[in-house]
Amino acid sequence: MSRHKSSKKVRYITWVTAGAAVAVGAGIAAQTSMAATAWPAQKTYTGRAFDACTAPSLAAMKAWNTGFYGAAAVYIGGKNRGCAQPNLTASWVKSVNAVGWKLIPLYVGAQPPCQSSGNKERFTATTAAAVGVSNAKDAVAKAKALGIKAGSPIYLDMEPYDIANKACNDAALTYVRSFTKTLRANTYRGGYYGFSSSSAKAIATASDKTDLPGNLWYALWDGKNTTTTDWPWDPKLFTNHSRAHQYMVNSKEKRGAYTITVDRNAWDAPVAIIG
């Protein structure tokens, strides 16, 4: 994503050199049945979306409302979130939604023990489940404070790690399951951002899909605005509006008087319910 702690270029070089059970066929569409309460209908957006490290000002969002992008990802919380968010308030969310923007809540949770970056929060094999619960509760609280209602997705940001390290990968999956299960217990949908070569691959190829997120946002920087033709895994996985694809990064773009460096995404997945 856009510069959590270091520049995209540095992170990219690092990554390149580092190398209730339900069916996932419909993107774990049955996840809503896991909660005792009635779930609000999913709000889906299909089209281009952007993400930027800092939520732009309301004036910038109005200037950027040209129709090229229809949704924007915002970092709602997490100790590993890399940029301050002076604009990201409940008032901003309400105003941006009124303009017509769809919002994508993104939470930068704890990261795996084998990850090489200097994150502020990590989990271990011993703490993974407990940290997943506490992170998810914090994510839900942050979403509610912004006016992002129950039934919305919260996308957990998992940066690249060595998925061939079984102990580390097992810990990561434990954490993700715990996070996602806690979201669902609070009537928020599970989403996940990761890399096609590592963190997203771990979710897509896991033999046990129990409590894994129902919506997968994969980073594959091939410049292709699609969620289908370059989908790296079984085509039966994460169907029914459950995929997003980050296909371009560090795109410096200007609309009106506002220049923002963004990442481009092809989106066909849930977005926030605002109210």
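Before anything else, a quick definition: two strands pair if DSSP finds at least two bridges between them. Helices and strands here are DSSP runs, numbered from the N terminus, with H or I and at least four residues for a helix, and E and at least two for a strand.

Okay, so what are you looking at? This is a predicted model, where local features need pLDDT of at least 70 and side-chain atom pairs count only at pLDDT 80 or more, while totals for chains, interfaces and linings use all residues. Residues are numbered from 1 along each chain as its sequence is written, and side-chain values use heavy atoms, with hydrogens and water left out.

Let's go to β6, since that's where the pairing comes in. β6 and strand β7 (residues 243–255) run parallel and pair over four bridges. Across in β7, Gln246 is the bridge partner of Ala219. Strand β5 (residues 189–195) is also parallel to β6, joined by five bridges, and there Phe195 stands opposite Ala219.

How covered is β6? Five of its five residues are buried, where buried means under 20% relative accessible area, exposed means over 50%, and partly exposed is in between, using a 1.4 Å probe and protein chains only. Asn215, Trp217 and Ala219 point one way, Leu216 and Tyr218 the other. That fits the usual picture: in a regular strand the side chains alternate between the two faces of the sheet.

Put α6 in as well, and β5, α6 and β6 make a right-handed β-α-β unit. Right-handed here means that, with the strands pointing away from the viewer, the path from the first strand over the helix to the second runs clockwise.

Next up, helix α3. Trp92, Val93 and Val96 are buried in α3. Those three sit on the same side of the helix, because they cover an arc of only 100° around the axis, taking the directions from the helix axis to the C-beta atoms. And who covers them? The covering elements include α2, β2 and β3, with contact meaning heavy atoms within 4.5 Å. Flip to the face turned away from the buried side and you find Lys94 and Ala98, both exposed. Right after α3 comes Gly100, with a positive phi near 125°.

Now the cysteines. Taking a disulfide as a pair of cysteine sulfur atoms within 2.5 Å, the count comes to two. Counting bonded cysteines along the chain, the pattern is 1-2, 3-4.

One of them joins Cys53 to Cys83, S to S 1.9 Å. This pair links distant parts of the chain, 30 residues apart: Cys53 is in the loop between β1 (44–51) and α2 (58–63), and Cys83 is in the loop between β2 (71–77) and α3 (90–99). Both cysteines, Cys53 and Cys83, are buried. The torsion about their S-S bond is about 95°, so this disulfide is right-handed.

Then there's Cys114 to Cys168, at 2.0 Å S to S. Cys114 lies in the loop between β3 (102–107) and α4 (128–145), and Cys168 in helix α5 (residues 166–185), so this pair ties together parts 54 residues apart in sequence. The torsion for Cys114 and Cys168 is about -75°, so that one is left-handed. Cys114 is partly exposed at 26% relative accessible area, while Cys168 is buried at 4%.

Last topic, charges. Side chains of opposite charge can pair when their charged atoms come close. We call it a salt bridge when a side-chain nitrogen of Lys or Arg is within 4 Å of a carboxyl oxygen of Asp or Glu, and that gives seven.

Stay on α5 for a moment. Asp170 and Lys166 meet in a salt bridge at 2.7 Å, N to O. They are four residues apart in the helix, which means about one helical turn between them. Lys166 is exposed at 59%, and Asp170 is partly exposed at 34%.

Two further bridges reach from α5 to the loop between α6 and β6. Arg177 in α5 meets Asp208 at 4.0 Å, N to O, and that ties together parts 31 residues apart in sequence. Asp208 is partly exposed, with 39% relative accessible area. Arg184 meets Asp211, also listed at 4.0 Å, N to O, with the two 27 residues apart. Here Asp211 and Arg184 are buried.

And to finish: which residues form a network of salt bridges? Glu253, Arg255 and Arg264.
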